[in-house]
Amino acid sequence: MLTTRLTHAFGIEHPVVLAPMDVVSGARLAMAVTDAGGLGLLGGGYGDERWLKREFATAAGTRVGCGFITWSLARRPGLLDIALEHRPAAVMLSFGDPAPFADRIRAAGVPLICQVHTLDQARQALDAGADVVVAQGGEAGGHGAGTRSTFTLVPDIADLIADRSPGTLLLGAGGVADGRGLAAALALGADGVLVGTRFWATEEADASARAQARAVAADGDDTLRTTVYDIVRRYDWPAPYDARLLRNQFVERWHGRESELDAHLTEVAAEFTAALAEQDFDLANVIVGEGVGLVREILPAGEVVRRMAQDAAARLGRWAPRTAALGG
Ligand SMILES: Cc1cc2nc3c(=O)[nH]c(=O)nc-3n(C[C@H](O)[C@H](O)[C@H](O)COP(=O)(O)O)c2cc1C
């Protein structure tokens with residue numbers, strides 16, 4: 001239906017890639033996306049060796065890749081060897097300099113995907129020899145730099161790639177939750193999309209059903225970018241990163257009062273841990289992007305892939321004759 005350089009390069013049917021969402025993108029979800037004709041990436045995230053081995057073992061026989069948070073991988077570089085032993089379809093690196101890992105990934109014959117948020121980071125990814133660059137706009141769920149929107153970042157990086165490394169592929173990420181988003185990303189110069197939030201809200205995601213229900217009820221105005229959950233989880237994310245997630249009581253209380261949160265960290269961290277265990281999402285975090293407003297039901301992931309691809313193809317097809325007429 002929609003053939004692009006991405007579908008050719010990876011031998012997939014639809015130009016849709018599952019974002020490697022930390023722990024949420026387990027084997028079940030990655031396999032469901034691959035089986036539906038997209039490409040599933042396991043969410044290696046901060047790096048848990050037992051989780052990684054178990055999920056790769058479960059996905060054995062299905063073509064999936066995996067992603068890491070680069071600054072965290074630098075503290076546990078052995079995890080990359082574990083991933084490479086499983087001959088992943090790709091390794092994706094986000095949030096940090098990919099150069100220290102790029103040679104090992106390419107020497108293993110595995111495609112390197114680098115997620116970036118600025119033109120400078122895109123140049124760094126091209127210098128490292130990325131096979132695929134993901135341009136992530138600030139609409140995205142989860143961590144990012146939040147300074148650029150998908151709508152301008154994708155064509156900006158498309159131009160950079162055309163100029164410096166035309167063989168490199170480009171994915172758009174951030175706010176792509178349906179066929180309109182996929183069609184738009186392709187029109188902006190991407191070869192496909194990387195999708196997080198829409199797949200988080202699927203049956204196969206390792207996400208709490210209670211959190212998913214809250215997200216389905218939310219709209220696109222209900223998210224913001226903040227560092228409060230990184231502080232309370234004691235994750236030392238380097239500048240300039242923060243994360244987009246759903247507003248709740250915890251965010252209303254601490255966003256903008258980060259130094260006070262720091263000062264009360266021991267007690268607030270205990271409250272947060274208890275809230276997480278009780279699935280109390282007034283206090284615990286629900287990590288989704290602006291695209292959450294387009295999520296109206298929890299669906300099987302394969303259905304999301306098929307609907308997104310079909311709808312994008314129909315939309316782009318609808319425009320083709322008019323464009324030709326205009327051109328004539
Ligand atoms: C719940 C959640 C967890 C995420 N975890 C990671 C992660 O561990 N590593 C990563 O590279 N990106 C992560 N992301 C960001 C995605 O890679 C991607 O950029 C983003 O989801 C795209 O925007 P969207 O959420 O609007 O689809 C996460 C996103 C979400 C929603």
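Here is a short walk through this structure, one selection at a time. Keep in mind that the model is predicted.

**Stop 1: the whole chain**

Start with everything shown as a cartoon. You should find 16 helices and 11 strands. With 328 residues, the globule rule gives 20 Å for the radius of gyration, and the chain comes in close to that at 19 Å, so it is as compact as a globular protein of that length. Turn the C-alpha trace along its principal axes and it spans about 65 × 45 × 35 Å.

Now switch on the surface. About 13800 Å² is exposed, with carbon and sulfur atoms supplying 50% of it. As for the residues, 55% of the 328 count as buried. Colour by charge next: there are 31 positive and 41 negative side chains, and the centres of these two sets lie 3 Å apart.

**Stop 2: helix H5**

Select residues 78–85, which make up helix H5. Which of its residues are buried? Look for Leu-79, Leu-80, Ile-82, Ala-83 and Leu-84. An α-helix has 3.6 residues a turn, so residues three or four places apart point the same way.

Next, add the partners. The buried residues of H5 pack against helices H3 (49–58), H4 (70–73) and H6 (99–107), and also against strands S3 (64–69) and S4 (91–94). Before you leave, click on Arg-87, which follows H5 and has a positive phi, near 45°.

**Stop 3: strands S4 and S5**

You already have S4 on screen as one of the elements packed against by H5. Add strand S5, residues 112–116, where 5 of 5 residues are buried. Show the side chains: Leu-112, Cys-114 and Val-116 point one way, while Ile-113 and Gln-115 point the other. That fits the general pattern, since side chains in a regular strand alternate between the two faces of the sheet.

Do S4 and S5 run parallel or antiparallel, and over how many bridges? They pair in the parallel sense, over 4 bridges. To see how they line up, pick Met-92, which stands opposite Ile-113 in S5.

**Stop 4: strands S10 and S11**

Finish with residues 223–226, strand S10, which is covered on both faces. Thr-223 and Arg-225 are buried on one side, and Leu-224 and Thr-226 are buried on the other.

Then bring in strand S11, residues 242–246. S10 and S11 pair in the antiparallel sense over 4 bridges. For a last click, choose Thr-223 and look across to Leu-246 in S11, which stands opposite.

Conventions: Residues numbered from 1 in each chain as written. Predicted model: local features only at pLDDT ≥ 70, side-chain atom pairs only at ≥ 80, totals over all residues. Heavy atoms only, no water. Helix = DSSP H or I, 4+ residues; strand = E, 2+ residues; numbered from the N terminus. Rg over C-alpha atoms; globule rule 2.2 N^0.38 Å. Buried < 20%, exposed > 50% of the residue type's maximum accessible area, 1.4 Å probe, protein only. Areas by Shrake-Rupley, 256 points an atom, 1.4 Å probe, with all protein chains shown as cover. Lys, Arg positive; Asp, Glu negative; His and termini not counted. Charge placed at Lys NZ, Arg CZ, Asp CG, Glu CD. Pairing = 2+ DSSP bridges. Contact = heavy atoms within 4.5 Å.
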